[in-house]
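Biologist: Hi! I'm new to this one, could you walk me through it?
Modeller: Happy to, let's have a look together.

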Amino acid sequence: MFFLQILLNSLVMGTQVVLLAVPLYLVYSSSKIYHLGLGATGISVAYALWFGLKSGWSVPMAIIFAIICAVILGLISFSLLEKLAKKKEHMFGLLVSFSLGLCLEAITAIMFGTDGKFFLTTPLPTIRFSELYLTFPGAATLATGLILSVLFLILVAKTPWGRKMKAVSENSYLLSSLSFNATTVRLLVLIIASILAGFVGIMMTFNSTLTPGAGFNLVVLAFIALLVGGVNSLKGTIIASYIVVLIPELIVGLSAGQYSVSLSWKMVIVFVVAAIFLTWKPNGLLTRKERVE
Amino acid sequence: MGYFLTQLARLAENVALAIGSHLTIAVGNIFFLGGSTMFCFGAYALAISQKLGVDPWLAAAISLICSFIFSFLFVLAYTKLSNDSFTVFTLASMLAFEALVKSWDDVTGGVLGIAGIMRPESIGKLKELVIFQIIFMIILLFAEYVILKTVLGRSLLGMRESKQFVESLGTSTKMIGGAAIISSSLMAAAAGVTTVWRIQFLDASFGSVAMLILSVTIAILAAKPKIRWLMLSAIFVTFLPEVLRFTPLPSAMVGHLRILIYSVMLIIVLLTISKKLMPQKRFI
């Protein structure tokens, strides 16, 4: 039963990573830029919701405010990254998005302080299955993660929208000649990515505390998942998200006695696991070799 | 006087740290973000050695040897991964190292850190240490100048233009990139050693994102592969946030404002002068 509880907790955390890895994948697919600022974007949106609720607004009003913030942050990301995406200066895009993330972190720290904030002051409501427990935000994360993963897998692989998104990063000029606007595609992707990141930020901080730096660790985990799974494979990214969370959780949870490993080692284990996977499969778990013509 | 000396020491440390980033990012176009990790690694290797009773100079040598060995992990990643994956991997190393330092508290002191790190007797006073740091900074700047004039420097500049071109001349870009990463790591570790001698205390927050953004900002602001640009950039970046000290802001806010300034500066620099950083496209 203990093992199953670890598995269930890992599934929730893995789904949080999936929910952030999917927008990273979408941004990468449409602009070939690793958007490192998405973690901080998510946390900023969570702060917006917290601010709305603390100011005494109704829940729908606070949610609308958080969504508006997410859209604005998406537009800011677009205005900063679009020029670099067009010029194919992807590494600068990575550094700009990283700096944007740090800016957002610093601004939230200045505005709200670095002490932990809580959405709920009462204990989290839980769902019980026999002897297994799951919090409501955890259950919501699992359900949304499952729905969105399937939805995006279909959207990316089977619809013209997904094909268009991939085509944008490959050759936007050719796509323009087919009367598609590459800029609009990238703008939409960044706004959707910011909203998704905001959702993850809120769900993650519902389960724990809201601090300005909380998004950075998650975004790095999501990146590791993206790299381990293969940057061109959404399926691989989803599988890898669970692997990079599950392995450390199992090592920490099942270690006992003299060889017990504390939770603080988790990030070290993730890094070692990622290093092993990336040395073994540098292009990702599910990436096939492509013929270059 | 103490403030002035501390600022000079900070400048020397920042230059020492940024030389590595300059060599990899601005000269070789290798986006190596592990400088901050190596800065911490060098500092911890020194502090742990000194805690075990090793003489400070010998501890510094041990620290550099350990850093040299550890940097091969980055070289391995560089040879295996694509450019952008390598960048994210080196960035993740910072988090992993921080987690390692916090977790392995028997050795690193965990979140409480290691206090009372002694300076070598010959540079025991702050003034002597600052003189040593400035001499060390000049040596490192000269080392970069020499590197830029050697085959390694020329090949790095060539890699910036075209990796295929360098390969076609019979030079292994992996080897050249690896050498640049090792040099960069050693310089960052050396900067960590001198910094820890100045502050004489070490905890898990040492280095972190603030040092990374600082070194990358200096390296990118320098833009050109010339050491005078690096020096000017380091002076500007080090002293700009000092304006905040003279404002009536709470000290807790100053740290965040400093990061905000660096990040905004980096964004502006990347969006405005990135053309100078990238080789000019030639059409034949």
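Modeller: One term before we start: helices here are DSSP runs of H or I with at least four residues, and strands are E runs of at least two. Also keep in mind that this is a predicted model.

Biologist: Got it. How many helices and strands does chain A have?
Modeller: Chain A has 11 helices and 2 strands.

Biologist: And in what order do the elements of chain A run from the N terminus?
Modeller: The order is α-α-α-α-β-β-α-α-α-α-α-α-α.

Biologist: Why is chain A called as compact as a globular protein of its length?
Modeller: Its radius of gyration is 19 Å, close to the 19 Å the globule rule gives for 293 residues, so chain A is as compact as a globular protein of that length. The C-alpha trace of chain A spans about 60 × 50 × 30 Å along its principal axes.

Biologist: What share of chain A's residues count as buried?
Modeller: That would be 49% of the 293 residues. As for contacts in chain A between residues at least 6 apart in sequence, 74% of them join residues at least 24 apart.

Biologist: Switching topic: how many residues does each chain bring to the contact?
Modeller: Chain B brings 34 residues and chain A brings 32 residues.

Biologist: Which elements of chain B give two or more residues to the side that touches chain A?
Modeller: Those are helix 4 (83–103), helix 10 (208–222) and helix 12 (251–272) of chain B. Helix 4 of chain B gives the most, with 15 residues.

Biologist: How do the residues on that side of chain B divide into nonpolar, polar and charged?
Modeller: On the side of chain B that touches chain A, 23 are nonpolar, 8 polar and 3 charged.

Notes: Residues are numbered from 1 along each chain as its sequence is written. Chains are lettered from A and ligands numbered from 1 in the order in which they are written. This is a predicted model: local features need pLDDT of at least 70, side-chain atom pairs count only at pLDDT 80 or more; totals for chains, interfaces and linings use all residues. Two residues are in contact if their C-beta atoms, placed from the backbone, lie within 7 Å. Ala, Val, Leu, Ile, Met, Phe, Trp, Tyr, Cys and Pro count as nonpolar, Asp, Glu, Lys and Arg as charged, and the others, Gly among them, as polar. The radius of gyration is taken over C-alpha atoms; the globule rule is 2.2 Å times the number of residues to the power 0.38. A residue is buried if 20 or more other C-beta atoms lie within 10 Å of its own, exposed if 12 or fewer, and partly exposed in between; C-beta atoms are placed from the backbone.
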